[in-house]
Amino acid sequence: MIKFNSSSEPTIGVEIELQLVDNKDLNLNNISKKVLAEVKKEFSDNIKCELIESMIEINTNICSNTEEVEKDIKKTLTYLSEILKDYKTEINCTSLHPFAIGKKQIITENLRYKRIMKDLQMVGKRFISQGLHIHIGINDPEDAIKVNNALRIYLPLLLALTTSSPFFEGEDTGLHSYRTKLFEALPLAGMPDYLTNWNHFEKLTEQLEGAGIIRSVKDLWWDVRPHPGFGTVEIRVCDIPTTFKEIIAIVALIQALVVTLINKEPYPDTHIQILQSNKWQAARYGLEGVHVDPINFQKISIKKAIENLFLLVQPTMSSLGSEKYLDNLEEILNSSTGSTTQRKLYNKSKDFKNVIRALIEQFYQ
């Protein structure tokens with residue numbers, strides 16, 4: 001039996017994986033071990049190690065609404081930035097550093113990460129990406145499964161709204177989210193299958209553990225997954241938006257979407273090939289991609305599908321008090337995501353360092 005620690009309200013928890021970049025050369029800086037040694041106890045649950053020493057993860061406390069998330073993240077980022085000044089290091093918020101080399105990164109002294117990297121080999125050395133993970137509290141485990149199933153349809157749209165990883169090791173990949181393709185190289189990553197009910201999830205997890213394929217639910221690197229320990233559904237598909245206001249707007253959107261789906265009838269099983277095609281369109285073309293409705297097979301633009309998503313969640317955002325964030329979401333849709341911004345900056349200067357400097361300067365705008 002896997003106990004689901006129910007959340008009575010649609011609480012929010014956010015995890016952001018951050019790049020640590022040197023002020024001078026703007027390359028990734030392997031200093032997280034030193035930084036973490038300076039973190040006060042007050043922030044020990046909010047600032048943690050990640051897979052490589054040039055990354056650091058920040059976590060919010062359990063928040064009841066988007067405004068709390070906004071204050072929580074800003075407080076932690078401000079504190080972390082003060083520590084980083086002593087190391088002449090800045091935080092960069094994209095899902096791939098544009099020119100850092102994977103094999104030059106140092107693996108964190110963490111037994112789980114060491115085990116994972118030993119297994120992944122070359123795949124792991126190339127996996128130097130960062131993501132945005134959002135947990136939304138769910139009261140009932142069956143609702144967690146219902147929402148997990150329904151969210152699969154919307155994952156490509158959430159990805160399209162957040163793409164920020166067009167470059168890898170000094171090359172333009174041609175994709176808006178190359179992080180997505182790096183992540184899919186990992187075992188048990190990507191779009192999850194349809195789950196019949198909570199018992200189905202329990203049995204699947206127990207079978208995978210019994211076969212030695214995973215050690216815990218944490219090894220299910222799905223784009224969305226139930227998280228029994230937290231009593232949440234965890235959305236993991238997103239790249240990291242390159243501005244603070246966009247991060248917060250995406251959090252508001254996802255909370256409203258989860259609450260909306262809880263109150264709707266269960267979605268039918270949908271063909272995973274359609275879902276994977278939609279996800280490819282988002283990763284490859286971003287907001288300019290094509291979306292096929294997996295229920296009626298109607299083909300529309302990703303932008304139109306996102307407009308429909310905004311209409312779907314607007315009443316819930318109003319009831320949650322987060323409708324004001326719709327303006328920021330509309331701004332993303334009508335202008336561009338971080339991937340397009342980075343390409344424009346690079347095409348202007350032909351210098352990745354200028355790209356990173358500009359992103360850091362624009363983060364709080």
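# Exercises on strands, pocket and cavity

Strand E10, residues 224–227, is covered on both faces, since Val224 and Pro226 on one side and Arg225 and His227 on the other are all buried, where buried means under 20% relative accessible area, exposed over 50% and partly exposed in between, with a 1.4 Å probe and protein chains only. Strands (E, at least two residues) and helices (H or I, at least four) are DSSP runs numbered from the N terminus. The model is a predicted one, in which local features need pLDDT of at least 70 and side-chain atom pairs count only at pLDDT 80 or more, while totals for chains, interfaces and linings use all residues. Residues are numbered from 1 along each chain as its sequence is written, and side-chain values use heavy atoms, with hydrogens and water left out.

## Exercise 1: the hairpin

Describe how E10 and E11 pair, and find the residue with a positive phi in their hairpin.

Solution. Begin with the pairing: E10 and strand E11 (residues 232–235) are antiparallel and share four bridges, two strands being counted as paired if DSSP finds at least two bridges between them. Next, locate one facing pair, in which His227 stands opposite Thr232 of E11. Finally, look at the turn, where four residues lie between the strands and Gly231 takes a positive phi near 70°.

## Exercise 2: Glu234

Decide whether Glu234 is buried or exposed, and list its side-chain polar contacts.

Solution. First, place the residue: Glu234 belongs to strand E11, and it counts as buried because its relative accessibility is 1%. Second, take the polar contacts (pairs of N or O atoms within 3.5 Å; within protein, one must be able to donate a hydrogen and the other to accept it, and residues adjacent in sequence count only if both atoms are side-chain atoms). The side chain of Glu234 makes one such contact of 2.8 Å with the side chain of Arg225, and another of 3.2 Å with that of Arg236. Third, widen the view to contacts, meaning heavy atoms within 4.5 Å: leaving aside neighbours within four places in sequence, Glu234 is in contact with residues including Glu15, His133, Asp223 and His227.

## Exercise 3: strand E1

Explain why E1 is described as largely enclosed, and identify the strands that pair with it.

Solution. Start with the count: eleven of the eleven residues of E1 are buried, so the strand is largely enclosed by the rest of the structure. Then consider the two faces, which are both covered, with Ile12, Val14 and Leu18 among the buried residues on one side and Glu15, Glu17 and Gln19 among those on the other. Last, go through the antiparallel partners in turn:

- E5 is joined to E1 by five bridges, and Ile12 stands opposite Ile136 there.
- E3 also pairs with E1 over five bridges, with Glu15 opposite Asn59.
- Strand E4 (residues 89–92) is joined to E1 by four bridges, and Gln19 faces Asn92.

## Exercise 4: pocket and cavity

State the volume and lining of the largest pocket, and then do so for the largest cavity.

Solution. Rolling a probe the size of a water molecule over the atoms shows where empty space is left. On a 1 Å grid over the protein atoms alone, a cavity is a set of points where a 1.4 Å probe fits but cannot get out, whereas a pocket is an open set with protein on both sides within 12 Å along at least five of seven lines, and lining residues have an atom within 4 Å of a point.

For the pocket, the space amounts to about 1,000 Å³. Of its 41 lining residues, the closest to the centre are Glu15, Glu50, Glu57, His133 and Lys218. E1 gives the most to this lining, with five residues.

For the cavity, the volume is about 30 Å³, and the lining consists of Arg179, Thr180, Phe183, Asp223, Arg236, Val237 and Lys279. Helix H6 gives the most here, with three residues.

## Exercise 5: two positive phi values

Compare the places of Leu26 and Phe297, and say which is buried and which is exposed.

Solution. Leu26, in the loop between E1 and helix H1 (32–38), has a positive phi of about 60° although it is not a glycine, and it is buried because its relative accessible area is 3%. Phe297, in the loop between strands E12 (290–292) and E13 (299–301), has a positive phi of about 65° and is likewise not a glycine, but at 51% relative accessibility this residue counts as exposed.

Key. Grid points are joined across faces, edges and corners, and a volume is the space filled by probe spheres set on the points.
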